[in-house]
Amino acid sequence: MTKIIGITGSLRSGSFNTALLRAAKELVPHNAALEIATLKGIPLYDGDLETAEGVPSAVITLQEHIAAADGLLLATPEYNNSMPGVFKNALDWLSRPPSETARIFGNRPVAVIGATPGGFGTVLSQNAWLPVLRTLGTRPWFGGRLLVSRAHQVFNESGEMTDAAVRKQLEDFLIGFVEFIQAGNQS
Ligand SMILES: Cc1cc2nc3c(=O)[nH]c(=O)nc-3n(C[C@H](O)[C@H](O)[C@H](O)COP(=O)(O)O)c2cc1C
């Protein structure tokens with residue numbers, strides 16, 4: 001069973017990106033499972049806090065979930081044409097201490113998806129993640145793209161994905177990502 005951890009980059013209860021991951025959990029191929037993680041409880045990165053108390057427990061918990069997963073799926077909102085600060089802050093903590101970065105992220109298959117009520121589907125936010133993913137030494141999957149625009153028309157008020165075309169795009173994206181992970185695991 002291929003294990004994927006999906007992290008939502010939004011803390012909002014009505015988040016479209018969290019809703020996107022919930023849909024992904026439902027649509028992931030049968031030989032894979034997707035667990036959804038949030039950024040709740042992760043403080044602002046502060047080097048003094050790290051020196052005094054070490055890496056916070058919420059970060060360590062998430063690090064261990066990532067380390068135990070075969071793949072990482074980031075569902076990123078777009079803020080001001082880039083990734084949200086809370087999401088980048090979380091990845092910054094997750095990369096600490098530097099001696100742990102390779103264990104958590106090194107060669108780990110990663111894919112990025114995102115949803116926005118706007119018209120460009122988080123394309124700039126997804127692009128903004130690329131140098132971060134490279135720096136962390138991940139193995140990004142570029143075989144598919146999922147840019148969910150007009151998200152308020154894709155999900156209903158309960159956060160369920162009601163757009164059949166986007167469901168199919170998400171399903172195909174997940175098939176491709178799982179195949180990529182499994183191909184890497186065999187080599
Ligand atoms: C500070 C801020 C900046 C934003 N900038 C963008 C943007 O550049 N592009 C975009 O498509 N949406 C932008 N939005 C709208 C977000 O896409 C929208 O709030 C979305 O619902 C956030 O994701 P979520 O639903 O998962 O919380 C911005 C929202 C905020 C709060």
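How many Å separate an oxygen atom of the ligand from an N or O atom in the side chain of N17? In this predicted model, the gap is 2.8 Å.

## Around the ligand

That N17 pair has some company. The side chain of S10 also puts an N or O atom 2.7 Å from an oxygen atom of the ligand. E78 deals with a nitrogen atom of the ligand instead, placing a polar side-chain atom 3.1 Å away from that nitrogen. On its own the ligand has 620 Å² of accessible area, and the protein covers 69% of that.

The residues surrounding the ligand include R12, S15 and F16, along with P77, Y79, N80 and N81. T116 and P117 are also among them. Sorted by character, the shell has 6 polar, 4 nonpolar and 2 charged residues.

## Strand 3 and its partners

Now for strand 3, residues 71–75. Here 5 of 5 residues are buried. Both faces are covered: G71, L73 and A75 are buried on one side, and L72 and L74 on the other.

Strand 3 has parallel pairings with strand 1 and with strand 4. With strand 1 (residues 2–8) there are 5 bridges, and G6 sits opposite L73. With strand 4 (residues 109–115) the count is 4 bridges, and here L73 has A111 as its bridge partner.

## Salt bridges

The whole structure contains 6 salt bridges. One of them joins E26 and R167, whose closest N and O atoms are 2.9 Å apart. This pair spans distant parts of the chain, with E26 in helix 1 (residues 16–27) and R167 in helix 8 (residues 164–186), 141 residues apart. E26 is exposed, at 58% relative accessible area, while R167 is partly exposed at 24%.

Then there's R103, which takes part in a salt-bridge network with E64 and E100. The E64 and R103 side chains meet at 2.7 Å, N to O. E64 lies in helix 3 (residues 57–68) and R103 in helix 5 (residues 98–105), so this salt bridge ties together parts that are 39 residues apart in sequence. The link to E100 is a more local affair: E100 and R103 are 3 residues apart in helix 5, which means about one helical turn separates them. Their closest N and O atoms are 2.6 Å apart. As for exposure, E64 is partly exposed at 35% relative accessibility, R103 is partly exposed at 37%, and E100 is partly exposed at 21%.

Conventions:
Residues numbered from 1 in each chain as written. Predicted model: local features only at pLDDT ≥ 70, side-chain atom pairs only at ≥ 80, totals over all residues. Heavy atoms only, no water. Near = heavy atom within 4 Å. Polar contact = N/O pair within 3.5 Å; in protein donor to acceptor, adjacent residues only side chain to side chain. Areas by Shrake-Rupley, 256 points an atom, 1.4 Å probe, with all protein chains shown as cover. Nonpolar A, V, L, I, M, F, W, Y, C, P; charged D, E, K, R; others polar. Buried < 20%, exposed > 50% of the residue type's maximum accessible area, 1.4 Å probe, protein only. Helix = DSSP H or I, 4+ residues; strand = E, 2+ residues; numbered from the N terminus. Pairing = 2+ DSSP bridges. Salt bridge = Lys/Arg side-chain N within 4 Å of Asp/Glu carboxyl O.
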